[in-house]
Amino acid sequence: MPKRKFFCPNRGCHANLNPGTKIVLKARNENGKEGIILLSPQVGNYTVFMEEDFLCDEERVRLFCPVCGESLLVVDDDRFAHVWMRYGESQAVVYFSRVKGEHATFVIATSGDTRAFGPDVDSLDIEDLAATTSFKGMKNSLGA
Ligand SMILES: [Zn+2]
C-alpha cells in the first residue's frame, strides 16, 4: 500500500507534513498560546496528540504549516483547515474541522471523487467548499 503523504497547500511551500508516522502542524489556541499538534495520516482517525489542556471542547484552533508558518485555514470557510494529500497516483485536498471534538473530514480528489469521513459530516454543508476547491499547482508540486 502506498503511503499517504500530506503537504502544505500554500504556494511556494508545499512541504511534506508527515515525514514520520504523524502529520505535524503548528497550532494556536483561542488564548493565543502556540503548540504542536500531531494528527493521524489515516483519514477518519481523530486521534490527536497535543499538550495536555491545550484545547477545550469545541474550541476553534488555528492551524499553521510548521515550515512556512502560513495559515492552513480555508479563506472562504474558516470552519475548516486544509492540507494536500498524495496517495499513490491520486491527489486530493483534505478539509477537516478545526473545532475540537467535531469529527468531520472531506477529501476532494482531482478526479472529482469526493468522500466524507467522521460522525459530524452530516451537519456540515460543504457544497460551497467543493465548488471553490482549487487544485492549482498541485500536479506540478506533488508530481503524479
Ligand atoms: Zn508551508
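**Exercise 1.** In what order do the four strands of the open sheet stand, and is the pairing parallel or antiparallel?

*Solution.* The model is a predicted one.
Step 1. The four strands follow the order S4-S3-S2-S5, and they pair in the antiparallel sense.
Step 2. Strand S4 (48–49) and S5 form the edges, since each pairs on one side only.
Step 3. Inside this sheet, six bridges hold S2 and S3 together in antiparallel pairing. Val-24 is placed opposite Leu-38 in S3.
Step 4. As background, strands of a sheet are paired by backbone hydrogen bonds, in either a parallel or an antiparallel way.

**Exercise 2.** Describe the overall make-up of the protein: its elements, its dimensions and its share of buried residues.

*Solution.*
Step 1. The protein has two helices and nine strands. Read from the N terminus, the elements run β-β-β-β-β-β-β-β-β-α-α.
Step 2. The C-alpha trace spans about 40 × 30 × 30 Å along its principal axes.
Step 3. For 144 residues, a compact globule would have a radius of gyration near 15 Å; the protein has 14 Å, which agrees.
Step 4. Of the 144 residues, 26% count as buried.
Step 5. Among contacts with a separation of 6 or more, 45% join residues 24 or more positions apart.

**Exercise 3.** Set out the open sheet of five strands and go through its pairings from S6 to S9.

*Solution.*
Step 1. The order of the five strands is S1-S6-S7-S8-S9, with antiparallel pairing.
Step 2. S1 and strand S9 (114–117) are the edge strands, each pairing on one side only. On average, neighbouring strands of this sheet are turned by 25° against each other, direction ignored.
Step 3. Strand S6 (residues 80–87) is joined to S7 by eight bridges, and the two run antiparallel. Trp-84 stands across from Val-93 in S7.
Step 4. The hairpin of S6 and S7 has two residues between the strands, and there Gly-88 takes a positive phi near 60°.
Step 5. On to the next pair: S7 and strand S8 (residues 105–109) are antiparallel and share five bridges. Val-93 has Ile-108 as its bridge partner in S8.
Step 6. Four bridges link S8 and S9 in the antiparallel sense, and Thr-105 has Phe-117 as its bridge partner in S9.

**Exercise 4.** Why is strand S7 largely enclosed by the rest of the structure?

*Solution.*
Step 1. Strand S7 covers residues 90–97, eight residues in total.
Step 2. A residue is buried if 20 or more other C-beta atoms lie within 10 Å of its own.
Step 3. Seven of the eight residues of S7 are buried, so the strand is largely enclosed by the rest of the structure.

**Exercise 5.** Which residues have the most contacts inside the largest nonpolar core, and which elements give two or more residues to this core?

*Solution.*
Step 1. The largest nonpolar core holds 29 residues, and Leu-25 and Val-83 have the most contacts inside it.
Step 2. Two or more residues come from each of strand S1 (5–7), strand S2 (23–28), strand S3 (34–39), strand S5 (62–64), S6, S7 and S8.
Step 3. Take Val-83 and set aside its neighbours within four places in sequence: Val-83 then contacts Phe-6, Phe-7, Cys-8, Pro-9, Leu-17, Leu-72 and Val-94.

**Exercise 6.** In the loop between S4 and S5, is Leu-55 buried or exposed? Treat Asp-53 and Glu-58 in the same loop as well.

*Solution.*
Step 1. Leu-55 lies in the loop between S4 and S5. Leu-55 has 21 other C-beta atoms within 10 Å and is therefore buried.
Step 2. Leaving out residues up to four places away in sequence, Leu-55 touches Asn-29, Met-50, Val-61 and Lys-100. The C-alpha atoms of Leu-55 and Glu-127 are separated by 29 Å, and these residues are 72 residues apart along the chain.
Step 3. Asp-53 is also found in the loop between S4 and S5. With 8 C-beta neighbours inside 10 Å, Asp-53 counts as exposed.
Step 4. Glu-58 has its place in the loop between S4 and S5 too. Glu-58 counts as exposed, with 9 C-beta neighbours inside 10 Å.
Step 5. Turn to the backbone angles. Most residues other than glycine have a negative phi. Asp-53 has a positive phi, near 65°, and Glu-58 has a positive phi, near 70°.

Conventions. Residues are numbered from 1 along each chain as its sequence is written. This is a predicted model: local features need pLDDT of at least 70, side-chain atom pairs count only at pLDDT 80 or more; totals for chains, interfaces and linings use all residues. A residue is buried if 20 or more other C-beta atoms lie within 10 Å of its own, exposed if 12 or fewer, and partly exposed in between; C-beta atoms are placed from the backbone. Two strands pair if DSSP finds at least two bridges between them. A nonpolar core is a set of buried Ala, Val, Leu, Ile, Met, Phe, Trp, Tyr and Cys residues joined through C-beta atoms within 7 Å. Two residues are in contact if their C-beta atoms, placed from the backbone, lie within 7 Å. Axes are lines fitted to C-alpha atoms, for helices over the stretch in contact, and angles run from 0 to 180 degrees between N-to-C directions. The radius of gyration is taken over C-alpha atoms; the globule rule is 2.2 Å times the number of residues to the power 0.38.
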